[in-house]
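Here are my notes on the model you asked about. Have the structure open while you go through the points.

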Amino acid sequence: MKNINRVVSIVSKALEVLHWVGAASMLVLLFCSIFSREWMNRFLTDNVFAAESGDVSTYGFSLSLLNADSTVNMASLRIFAIGAFLTFILMAMIFRNVYLIVKTAHGKSWFSKGCTPFQKDIVRMVREIGIFSIGIPVLGLIFTIIAQLVSGADHVEISVNFNSIIMGILVLCLTQVFTYGEKLEEDTKGLI
């Protein structure tokens, strides 16, 4: 069990860092599309979309960035960068919470209250994971609608991943179990 917790800690921290890097790269993409549009258009059409269809996607939010004349639609690019930035932040927070849950349950975080999974902070972090999991496809749907309004229906395909919503609902239900376990643990500490 100790090896599994170590692997989960390492993988969740690595994925958290990668998602923060992804969020930062989306900010760079957004700023480059605003302040150096010609260079960005030339770079993307020559290097990135040279043999591709121009479709970009992240966690169910996908857009086609190429116009009919094979230039990059900068409005779609900016919308994608903002949506992907927010999505990467939510995913980074999910992996951050997974890392902290493992550390807190083993009494290795600064706010840990012993070696038990039934703590108020763990219940809060599990609840946040559920909320963030539901928020990702909702965010994708919102940005898909915005992209349809701004850049036209020919650039946008609505695709919402309902698996993430179902997982988020299941995680929110799991928080009820952890809340009950936390109350039971407080009651048993009071009896001893």
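1. Start with helix H1 and its buried positions: Asn-5, Ser-9, Ser-12, Glu-16, His-19, Gly-22, Ala-23, Met-26, Leu-29, Leu-30 and Ser-33. Keep in mind that this is a predicted model. As for the spacing, an α-helix has 3.6 residues a turn, so residues three or four places apart point the same way. Try colouring the buried set in your viewer.

2. How far does H1 reach from its first C-alpha to its last? The helix covers residues 2-35, which makes 34 residues, and it spans 50 Å. That is close to the 50 Å expected at 1.5 Å a residue.

3. Now zoom out. The chain has five helices and two strands, and along the sequence they come in the order α-α-β-β-α-α-α. So much for the parts list; the strands get their own points below.

4. The two strands, S1 (residues 55-58) and S2 (residues 61-64), run antiparallel and are joined by four bridges. Together they make a hairpin with two residues between them. Have a look at Tyr-59 in that turn, where phi is positive, at about 50°. For landmarks across the pair, Ser-57 sits opposite Ser-62, and Thr-58 sits opposite Phe-61.

5. Which side chains of S1 are buried, and which are not? They alternate: Val-56 and Thr-58 point to one face and are buried, whereas Asp-55 and Ser-57 point to the other face and are not. S2 is covered on both faces, with Phe-61 and Leu-63 buried on one side and Ser-62 and Ser-64 buried on the other. Returning to the landmarks, Ser-57 is not buried, while Ser-62, which stands opposite, is buried.

6. On the surface, check the nonpolar patch of about 590 Å² made by Val-138, Leu-141, Ile-142, Ile-145, Ile-146, Leu-149 and Val-150. One of these, Ile-145, lies in helix H4 (residues 120-151). Is Ile-145 buried or exposed? Neither label fits: Ile-145 counts as partly exposed because its relative accessible area is 40%, and that class lies between under 20% for buried and over 50% for exposed.

7. Last, some whole-chain numbers. Of the 192 residues, 42% count as buried. The chain exposes about 11,000 Å², with carbon and sulfur atoms supplying 67% of that area. Among contacts between residues at least 6 apart in sequence, 66% join residues at least 24 apart.

Key:
Residues are numbered from 1 along each chain as its sequence is written. This is a predicted model: local features need pLDDT of at least 70, side-chain atom pairs count only at pLDDT 80 or more; totals for chains, interfaces and linings use all residues. Side-chain values use heavy atoms; hydrogens and water are left out. Buried means under 20% relative accessible area, exposed over 50%, partly exposed in between (1.4 Å probe, protein chains only). Contact means heavy atoms within 4.5 Å. Accessible areas come from the Shrake-Rupley method with a 1.4 Å probe; for residues, only the protein chains shown count as cover. Two strands pair if DSSP finds at least two bridges between them. Patches are made of residues with over 30% relative accessible area and no salt bridge: like charges are joined within 9 Å, nonpolar side chains (Val, Leu, Ile, Met, Phe, Trp, Tyr) within 5 Å. A salt bridge is a side-chain nitrogen of Lys or Arg within 4 Å of a carboxyl oxygen of Asp or Glu. The expected span of a helix is 1.5 Å times one less than its number of residues.
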